[in-house]
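Student: I am new to this structure, and I would like to understand how its labels are justified. Could we go through the reasoning step by step?

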Amino acid sequence: ASPRFLLKEICNKLNIKNLISSEVDKSNGKFISKNCYGEEKERRYKEVFESKKINNLYSDSYSDMPMMKLAKKSYIVDGEKITEIIK
């Protein structure tokens with residue numbers, strides 16, 4: 001759900017070609033697109049990657065449960081603690 005303007009340059013430097021993010025107006029913080037969150041994140045993932053499987057998914061939020069359901073294994077990260085989510 002992070003704003004594109006925060007991540008785009010990092011992705012360029014790391015040669016990451018696909019970025020799924022929220023479009024936010026940098027000057028006022030208002031969303032230009034739907035917030036890339038929950039089911040919207042899953043929809044956008046499928047739009048870009050179609051049916052490509054996810055082996056391992058790490059998140060710091062249960063709002064990513066729609067994405068976790070697409071992964072073979074999913075984990076919640078809380079500080080130093082990583083917990084596998086059993087689906």
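Tutor: Let us start with a definition: rings of Phe, Tyr and Trp, the last by its six-membered ring, pair if their centres lie within 6.5 Å, and planes under 30 degrees apart count as stacked, over 60 as edge-to-face and the rest as tilted. By this rule, the count in this predicted model comes to two aromatic pairs.

Student: Why is the pair of Tyr45 and Phe49 called tilted?

Tutor: The ring centres of Tyr45 and Phe49 are 4.9 Å apart and the planes stand at 35 degrees, which is neither under 30 nor over 60, so the pair is tilted. Both belong to helix H2 (residues 39-49), where being four residues apart separates them by about one helical turn.

Student: What makes Tyr45 buried, and how is Phe49 classed?

Tutor: Buried means under 20% relative accessible area, so Tyr45, at 11%, counts as buried, whereas Phe49, at 26%, is partly exposed.

Student: What makes the pair of Tyr58 and Tyr75 stacked?

Tutor: The centres of Tyr58 and Tyr75 lie 4.7 Å apart with 15 degrees between the planes, and because planes under 30 degrees apart count as stacked, this pair is stacked. The pair links distant parts of the chain, with Tyr58 in strand E1 (residues 54-59) and Tyr75 in strand E2, 17 residues apart.

Student: Is Tyr75 buried or exposed?

Tutor: At 13% relative accessibility, Tyr75 counts as buried, because the limit is under 20%, while Tyr58, at 49%, is partly exposed.

Technical notes. Residues are numbered from 1 along each chain as its sequence is written. This is a predicted model: local features need pLDDT of at least 70, side-chain atom pairs count only at pLDDT 80 or more; totals for chains, interfaces and linings use all residues. Side-chain values use heavy atoms; hydrogens and water are left out. Helices (H or I, at least four residues) and strands (E, at least two) are DSSP runs, numbered from the N terminus. Buried means under 20% relative accessible area, exposed over 50%, partly exposed in between (1.4 Å probe, protein chains only).
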